[in-house]
Amino acid sequence: MSQISARLDQGRPYVLGLFRIVVGLLFLCHGAASLFGVLGGAGGTGGTVPTGTWPGWYAAVIELVGGALVLVGLGTRAAAFIASGAMAYAYFKVHQPMGLFPLQNKGELSAMYCWSMLLLVFTGPGALSLDGLFSSSRAADREREPVAA
């Protein structure tokens, strides 16, 4: 069994990267729908959230910007932290008063996004991220720098 675990562990950074990409894209789509009326619009009505309204418009901006940053893996941990907090707020302020459990209060998406983003805060972006690209280029630059004796 340890051989199987070892093989699966080799793919962990790539699967984590794909997870981040999918979650970021889906999150971005929610923000785009609310802000621009695309993909069915806000609440599936084809409309948009009025600019500056609390909390819907601010949540949509966090979804759009945070989703884009998570998607490309740039500032992943910070973007995911803010997105997770926004979804926790959405769950407890909007959904939870309508019922205790997510199936009762229609808060499944908020709960799943909250926990998915929180996972990315602790795991980092995985492979295929701009964070990884920039950190490896900085490491390469440090290796080329002369060392003072």
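# A tour of the helices

Begin by selecting helix 1 and helix 2 (residues 56-72) in this predicted model, where the two axes come within 7 Å and cross at roughly 150°. That angle makes helix 1 roughly antiparallel to helix 2, since an angle over 145 degrees counts as such. The crossing of this pair is left-handed.

To see what fills the contact, show the side chains on the helix 1 side, which include Arg20, Ile21, Gly24, Leu25, Phe27 and Leu28, and on the helix 2 side, which include Trp57, Ala60, Val61, Ile62, Glu63 and Leu64. Sorted by class, the residues where helix 1 meets helix 2 comprise 16 nonpolar, 6 polar and 2 charged.

**Ser34, in helix 1**

Next, centre the view on Ser34, which belongs to helix 1 (residues 2-36). Is Ser34 buried or exposed? With a relative accessible area of 14%, Ser34 counts as buried, because the cut-off for that class is under 20%. If residues up to four places away in sequence are set aside, the neighbours that Ser34 touches are Ala42, Thr48, Val49, Ala60 and Glu63. Of these, Ala60 and Glu63 are also listed among the helix 2 residues that meet helix 1.

**The loop after helix 1**

Follow the chain onward to Pro55, which sits in the loop between helix 1 and helix 2. The peptide bond to select here runs from Trp54 to Pro55, and it is cis, with omega near -5°. This bond deserves a look because most peptide bonds are trans.

**Val70, in helix 2**

Move along helix 2 to Val70, a residue whose relative accessible area is 0% and which is therefore buried. Which residues should be displayed around Val70? Leaving out those up to four places away in sequence, Val70 touches Arg20, Gly24, Thr76, Ala79, Ala80, Met117 and Leu120. Arg20 and Gly24 are residues of helix 1 in its contact with helix 2, while Thr76, Ala79 and Ala80 belong to helix 3, and Met117 and Leu120 belong to helix 5. A distance to draw in the viewer is the one between the C-alpha atoms of Val70 and Ile21, which lie 49 residues apart along the chain and are separated by 6.9 Å.

**Helix 2 against helix 3**

Keep helix 2 on screen and add helix 3 (residues 76-95), whose axis comes within 9 Å of that of helix 2 and crosses it at roughly 145°. Here, too, the crossing is left-handed. Ile62, Glu63, Gly66, Leu69 and Val70 of helix 2 form one side of the contact, and Thr76, Ala79, Ala80, Ile82, Ala83, Ala86 and Met87 of helix 3 form the other. The class count for this contact is 9 nonpolar, 2 polar and 1 charged.

**Helix 3 against helix 5**

Now hide helix 2 and bring in helix 5 (residues 108-123), whose axis and that of helix 3 come within 8 Å and cross at roughly 155°. Helix 3 and helix 5 are therefore roughly antiparallel to each other, and their crossing is left-handed. Among the residues making this contact are Arg77, Ala80, Phe81 and Ala83 of helix 3, together with Ser110, Tyr113, Cys114, Met117 and Leu120 of helix 5. The residues of the contact of helix 3 with helix 5 divide into 15 nonpolar, 4 polar and 1 charged.

**Cysteines**

Select Cys114, which at 12% relative accessibility counts as buried, and then Cys29, which at 27% counts as partly exposed. How many disulfides does the structure hold? The number is 0.

**Two loop residues with positive phi**

Go next to Lys106, located in the loop between helix 4 (102-105) and helix 5. Although Lys106 is not a glycine, its phi is positive, at about 60°, and at 64% relative accessibility the residue counts as exposed. Continue to Leu128, in the loop between helix 5 and helix 6 (130-144), which is likewise not a glycine and has a positive phi of about 65°. Leu128 counts as exposed at 54% relative accessibility. These backbone angles are worth inspecting because most residues other than glycine have a negative phi.

**Zooming out**

Finally, show the whole chain as a cartoon, in which the secondary structure comes to 6 helices and 0 strands, following the pattern α-α-α-α-α-α along the sequence. Of the 149 residues in the protein, 31% are buried. Among contacts with a separation of 6 or more, 64% are between residues 24 or more positions apart.

Terms used:
Residues are numbered from 1 along each chain as its sequence is written. This is a predicted model: local features need pLDDT of at least 70, side-chain atom pairs count only at pLDDT 80 or more; totals for chains, interfaces and linings use all residues. Side-chain values use heavy atoms; hydrogens and water are left out. Helices (H or I, at least four residues) and strands (E, at least two) are DSSP runs, numbered from the N terminus. Buried means under 20% relative accessible area, exposed over 50%, partly exposed in between (1.4 Å probe, protein chains only). Contact means heavy atoms within 4.5 Å. Axes are lines fitted to C-alpha atoms, for helices over the stretch in contact, and angles run from 0 to 180 degrees between N-to-C directions. Angles under 35 degrees count as roughly parallel, over 145 as roughly antiparallel, 65 to 115 as roughly perpendicular and the rest as oblique. A crossing is left-handed if the near helix is turned anticlockwise from the far one by less than a right angle, and right-handed if clockwise. Ala, Val, Leu, Ile, Met, Phe, Trp, Tyr, Cys and Pro count as nonpolar, Asp, Glu, Lys and Arg as charged, and the others, Gly among them, as polar. A disulfide is a pair of cysteine sulfur atoms within 2.5 Å.
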